[in-house]
Amino acid sequence: MFDQSFTYKTISNLIRKSDFAKNPDLIDKDFKSQIVNRCIENALTGFTENIDITKNFFNGKLVCKIKLLQDELLLRKESENIKRLTSVKQQDRDSIVNNLICFLNEGVSYKIYKLDIKSFYESIDTVEMLQKMKKDIAISKPTIRTIETLLNNIDGFGLKGLPRGLQLSATLSELIMRKFDNYCQNHNNIFYYSRYVDDIIIITSALEKQSEFIKSLEMNIHNG
């Protein structure tokens, strides 16, 4: 059974080779123990202190990066918990392209829609997201509490939605989009559907009215 608790073992297992390059002192067992134990303490308290985050702008969008390893490890554990408990995962670009090529070679009548969600991360309603997570009995209270505290910290930046640049944000966005994905995958007129973050490819029977079809997609994205 998957262990979503924040223990020395579960946190230590999340340390990567790249972390040793950025933090050479991790080779020292005492230093490593300090980092892991701080991470566990933060998980128990829900980040009582402000998280040390760097802020940069890329293409006019605010991108965040966690500075301290103990905080990064905690967010990795949060992301892992949600992925394992909800089975959400991001589609692979290469497999999407290969599947699309195979479908288009079948020679049937179709219509292709290439869409994207404007300001994807910023458009996510984090208040509604947290309310839904709290109703999900599979997700532990410490997981939800630390996510909520992280978002409260980032609110001080004047940021709307989920912060770009964090692995946890990518996982949470996949969780939010799960209902929309199911809607498209079960739609009678949709032959093929794929999504990579906010880039969407849809192939239909070409029998639908385009304006009504697009409107229905927009409504279901916002009701996800």
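Two strands count as paired here if DSSP finds at least two bridges between them. Keep that in mind as you click through this predicted model.

**The whole chain**

Start zoomed out, with everything shown as cartoon. You should be looking at 9 helices and 5 strands. Colour from the N terminus and follow the elements along: α-α-α-β-β-α-α-β-α-α-α-β-β-α. The C-alpha atoms fill a box of roughly 65 × 40 × 35 Å along the principal axes.

Switch on the surface for a moment. The accessible area is about 13,200 Å², and carbon and sulfur atoms contribute 50% of that. Of the 224 residues, 42% count as buried. If you like contact maps, bring one up: among contacts with a separation of 6 or more, 72% join residues 24 or more positions apart. Then colour by charge. There are 32 positive and 29 negative charges, and their mean positions lie 1 Å apart.

**The sheet**

Now hide the surface and select strand 3 (111-116), strand 4 (190-196) and strand 5 (199-204). Together these 3 strands make an open sheet, ordered 3-5-4, with antiparallel pairing. Strand 3 and strand 4 are the edges: each has a single partner strand, so one side of each has no neighbour in the sheet. Look along the sheet and you'll see a twist that averages 10 degrees from one strand to the next.

Begin with strand 3 and strand 5, which pair in the antiparallel sense over 6 bridges. Show side chains for Ile112 and Ile203: the former stands opposite the latter, which is in strand 5.

Keep the sheet on screen and add helix 5, residues 93-104. This helix packs on the sheet and touches strand 3, strand 4 and strand 5, with its direction at about 160 degrees to that of strand 4. Next add helix 8, residues 167-185. Helix 8 also packs on the sheet, touching strand 4 and strand 5, and its direction makes about 165 degrees with that of strand 4.

**Strand 4 and its hairpin**

How many of the 7 residues of strand 4 are buried? Select 190-196 and check: 5 of them are, so to speak, under cover.

Strand 4 pairs with strand 5 in the antiparallel sense, again with a count of 6 bridges. Pick out Arg195 and you'll find Ile200 of strand 5 opposite. Then move to the turn, where 2 residues sit between the strands of this hairpin. Select Val197 and read off the backbone torsions: phi is positive there, near 60 degrees.

**A stop in helix 5**

Go back to helix 5 and select Ser95, which has its place in that helix. Is Ser95 buried, exposed or partly exposed? Its relative accessible area is 30%, so Ser95 counts as partly exposed. For a sense of scale, draw a distance from the C-alpha atom of Ser95 to that of Met129: these residues are 34 apart along the chain, and the line should read 29 Å.

**Last stop: Glu122**

Finally, select Glu122, in the loop between strand 3 and helix 6 (126-135). Why does Glu122 count as buried? Because its relative accessibility is 19%, and the cut-off for buried is under 20%. Expand the selection to see what surrounds Glu122: beyond its neighbours within four places in sequence, the residues in contact are Lys61, Lys160, Gly161 and Arg164.

Terms used:
Residues numbered from 1 in each chain as written. Predicted model: local features only at pLDDT ≥ 70, side-chain atom pairs only at ≥ 80, totals over all residues. Heavy atoms only, no water. Buried < 20%, exposed > 50% of the residue type's maximum accessible area, 1.4 Å probe, protein only. Helix = DSSP H or I, 4+ residues; strand = E, 2+ residues; numbered from the N terminus. Contact = heavy atoms within 4.5 Å. Axes fitted to C-alpha atoms, helices over the stretch in contact; angles between N-to-C directions. Areas by Shrake-Rupley, 256 points an atom, 1.4 Å probe, with all protein chains shown as cover. Lys, Arg positive; Asp, Glu negative; His and termini not counted. Charge placed at Lys NZ, Arg CZ, Asp CG, Glu CD.
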